Each structure stands twice: as C-alpha cells, then as structure tokens.
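Trainee: Please take a close look at the loops of this chain for me. I would like to hear about the backbone, the charged side chains and the spaces they line, told as one connected story.

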Amino acid sequence: MAINIRKLPKEKYVMPGNAACPGCPETMGFRYLGMALGDKAVVVIPAGCSSVIQGMWPRQGWGLPVLNIVFAAGASAASGLARALRRRGVDAQVVVWAGDGGTADIGLQALSAAAERGEDIIYICVDNEAYMNTGIQRSGLTPYGAWTTTTHRGKKEFKKPMPQIVAAHRVPYVATASVGYPWDFIAKLRKAASIRGFKYIHLHAPCPVGWRFDSSLTARIAQLAVETGMWILYEYENGRLRLNPPSNRLLDPSKRKPVEEYLKLQGRFRHLTEEDIKKIYEEIEANWREIRAMLKLQELEEQDKL
C-alpha cells in the first residue's frame, strides 16, 4: 500500500511537553498511529510507559481519545468498547496500545480470548523488550543475552514468538513493524483498519533508557535490527505469509549486516561472550529457516492449484 506523504494528517497526535524520555520510540509510534488512522482511532492503553507519557489528568499528551485500563485487561476492555461504539453507530477504530509485558505476559490471556472471538479491534504490541516503566525487568519478549535489572548476567531464554502465537489463532491479519520504518507501519495500520475481525501488529520499539544507547540512535538501531535479520518485517494475511522490504531481500544470510553492528551500540549486550553471539546468530537463522519453510510450502500449494 503506497503512502502519499502529502495526504497524511497534519494534526499533532503527540503533544509537545509530554513526559516521554528523549528518543522514546513510543511517541514515534503513536505519532505514526495518528497519521495512519486519524481521528477515527480510539486507544486503549494498559499500564505501561504510555500511561505515564500522557501526563496527569485532566490534561494528557496524546491527541486521541484514550481509555487507561489495568495491565491484564487491554484486549478485553477494547472488545467491550468496540462493541459499545458499534452499537451506538459511532464510526471508530478501537486500538490497543500495549507494551510487551501487557501483551506477552500479563495480558496474554485477554489477548488470546479476543483473538479467538474475532473481536473487531487492532491490537498493537509496542515491544521495547522489557518492563521499562517499572524498572527494566525482563519480560517474555526480552531477547537472549540482554541485561535487565532481573537478568544481571543476561537473559538465558529466547524471545517469545508472539506474532506466530497470535497467527495460530487464525485471525485475518498479523504483521510485524518497526519504528525505524514508519511508512511500512502506517501502511500496515491502514490495511488492518480495512479488515474486519481481530488484527495484530507487533511494533519493534528500541528504548534508549532500557537498552543503554544514546537517545539520538533510536531509529538507527531499529533499522539495524531489521538489516541484521534480528527483526523480520512480514505480514500474515488470511494465513498467507509475505515478507516486506527490506526483509524480503534478506533470505540470503550474505545480504544481512553482521549482528555485532546492532549489538555493539547497546549497553545491555556489553557483557556478551563469543558463545553468546554465536547463539544469537543461531536463533536468527532458526527464525529465517521457519520463514523459508513457510514460503516454500506456500509455493508448493500454489503449484498444486495449477
């Protein structure tokens, strides 16, 4: 879906003087959300950084209607809100804007239930890979080897495959995105809004504070995650997998940048050994093998139809 920059809304959906940290990816992502959906978006925010960024009542730093809700209830609150607005004839798009803890850990039960019911909402996981708002504790989406305040020697488990978990519910649309590729994210948001049923977008969101990098590097580190193959941009639409640029050019490992370029900019990976980096390379290749296998299966299915 092509994006015409001249036709994007000019309204400010992230107000100046909000409580975000310098270089915050959540303000970047929220701005793109507003550009994609405009005033039709109604946002449900479980507890997390975005709850703090918006500031204290009666004022807020977000330029869209927001319902703040408890950590575990993002998807269930959005389900009820979407049904209520539809019943009243209100033309709105209900969006959950939740962190990795509120998605992959504490909020997973409500998310799974809403996906199973086919609720007509867009669920966005803003994945900064730890519980940043409460002190940088590890989550199910913290990657292998990463330092957090609860994994001083680096996390020993690998990142939970949330997009695949949601896709297994056979919902109509699942996609990955990155704050480093705004046009891709905006296009996926608009596509999701055009589809009825449960839609899920997993947004990679590097955090300068928790990841220990200079706040000027947020977009560059997000891009490096994709360029090294650590983060893959793709979408499942009605069960069909499609790679998005630039990930569609990275099936060949020789086309990817060395993962060390991504790791060395982040203090959370400063302690990694050569063995740790080898395991990260192995995980990257395992993820790509899964992608190749799915694309090959789709190709064989298409040939069978001929």
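Mentor: Happy to! Let's start with Pro-246, which sits in the loop between β8 (240-243) and α10. A cis peptide bond joins Pro-245 and Pro-246, with omega at about 0°. Do keep in mind that you are looking at a predicted model.

Two other loop residues are worth a look for their backbone angles. Arg-170, in the loop between α6 and β5 (173-178), has a positive phi of about 60° although it is not a glycine. Its relative accessible area is 79%, which is over the 50% cut-off, so Arg-170 counts as exposed. Glu-129 is not a glycine either, and its phi is positive at about 70°. You will find Glu-129 in the loop between β4 and α6. With a relative accessibility of 4%, under the 20% limit, Glu-129 is therefore buried.

Let's stay with Glu-129, as its side chain has charged company. A network of salt bridges links Asp-127, Glu-129, Lys-159 and Arg-268. Of these, Arg-268 belongs to the loop between α10 (260-263) and α11. Arg-268 is buried because its relative accessible area of 2% is under 20%. The side chain of Arg-268 also makes a polar contact of 2.8 Å with the side chain of Gln-266.

Members of this network turn up again when you look at the empty spaces. There is one cavity of 30 Å³ or more, and the largest cavity has a volume of about 30 Å³. Glu-129 and Arg-268 are among the residues that line the largest cavity, which also include Met-132, Ile-136, Trp-147 and Trp-211. By type, the lining of that cavity divides into six nonpolar, three polar and two charged residues.

Lys-159, another member of the network, brings us to the largest pocket. This pocket is lined by 24 residues, and those nearest its centre are Lys-159, Met-230, Trp-231, Glu-283 and Asn-287. Three elements give two or more residues to the lining of the pocket: α6 (162-167), β6 (199-204) and α11 (274-305). The most comes from α11, with five residues. The largest pocket has a volume of about 450 Å³, and its lining is made up of 14 nonpolar, five polar and five charged residues.

Now for another loop with charged residues, the one between α5 and β4. The model has 21 salt bridges in total, and here are some that involve this loop. The side chains of Glu-119 and Arg-83 meet in one of them, at 2.9 Å from N to O. That pair links distant parts of the chain, since Glu-119 lies in the loop between α5 (108-117) and β4 (122-127) and Arg-83 in helix α3 (residues 74-87), 36 residues apart. The partners are not alike in their exposure: Glu-119 is buried at 4% relative accessible area, whereas Arg-83 is partly exposed at 46%.

Asp-120 forms a salt bridge with Arg-196, with the closest N and O atoms 2.9 Å apart. Here too the pair links distant parts, from the loop between α5 and β4 for Asp-120 to the loop between α7 (182-193) and β6 for Arg-196, 76 residues apart. Asp-120 has a relative accessible area of 19%, which is under 20%, so this residue counts as buried. Arg-196, on the other hand, is exposed at 62%.

Asp-120 has a salt bridge with Lys-199 as well, where the closest N and O atoms are 2.8 Å apart. Because Asp-120 lies in the loop between α5 and β4 and Lys-199 in strand β6, this pair ties together parts that are 79 residues apart in sequence. Lys-199 is buried, with a relative accessible area of 0%.

To place this on the record's map, UniProt lists residues 60-202 in an unreviewed entry as "domain: Thiamine pyrophosphate enzyme TPP-binding". Over that stretch the chain is 33% helix and 19% strand, and its end C-alpha atoms are 25 Å apart.

How values were computed:
Residues are numbered from 1 along each chain as its sequence is written. This is a predicted model: local features need pLDDT of at least 70, side-chain atom pairs count only at pLDDT 80 or more; totals for chains, interfaces and linings use all residues. Side-chain values use heavy atoms; hydrogens and water are left out. UniProt positions are given in the numbering used here, feature names are shortened, and annotations may be inferred rather than shown by experiment. Helices (H or I, at least four residues) and strands (E, at least two) are DSSP runs, numbered from the N terminus. On a 1 Å grid over the protein atoms alone, a cavity is a set of points where a 1.4 Å probe fits but cannot get out, and a pocket is an open set with protein on both sides within 12 Å along at least five of seven lines; lining residues have an atom within 4 Å of a point. Grid points are joined across faces, edges and corners, and a volume is the space filled by probe spheres set on the points. Ala, Val, Leu, Ile, Met, Phe, Trp, Tyr, Cys and Pro count as nonpolar, Asp, Glu, Lys and Arg as charged, and the others, Gly among them, as polar. A salt bridge is a side-chain nitrogen of Lys or Arg within 4 Å of a carboxyl oxygen of Asp or Glu. Buried means under 20% relative accessible area, exposed over 50%, partly exposed in between (1.4 Å probe, protein chains only). A polar contact is a pair of N or O atoms within 3.5 Å; within protein, one must be able to donate a hydrogen and the other to accept it, and residues adjacent in sequence count only if both atoms are side-chain atoms.
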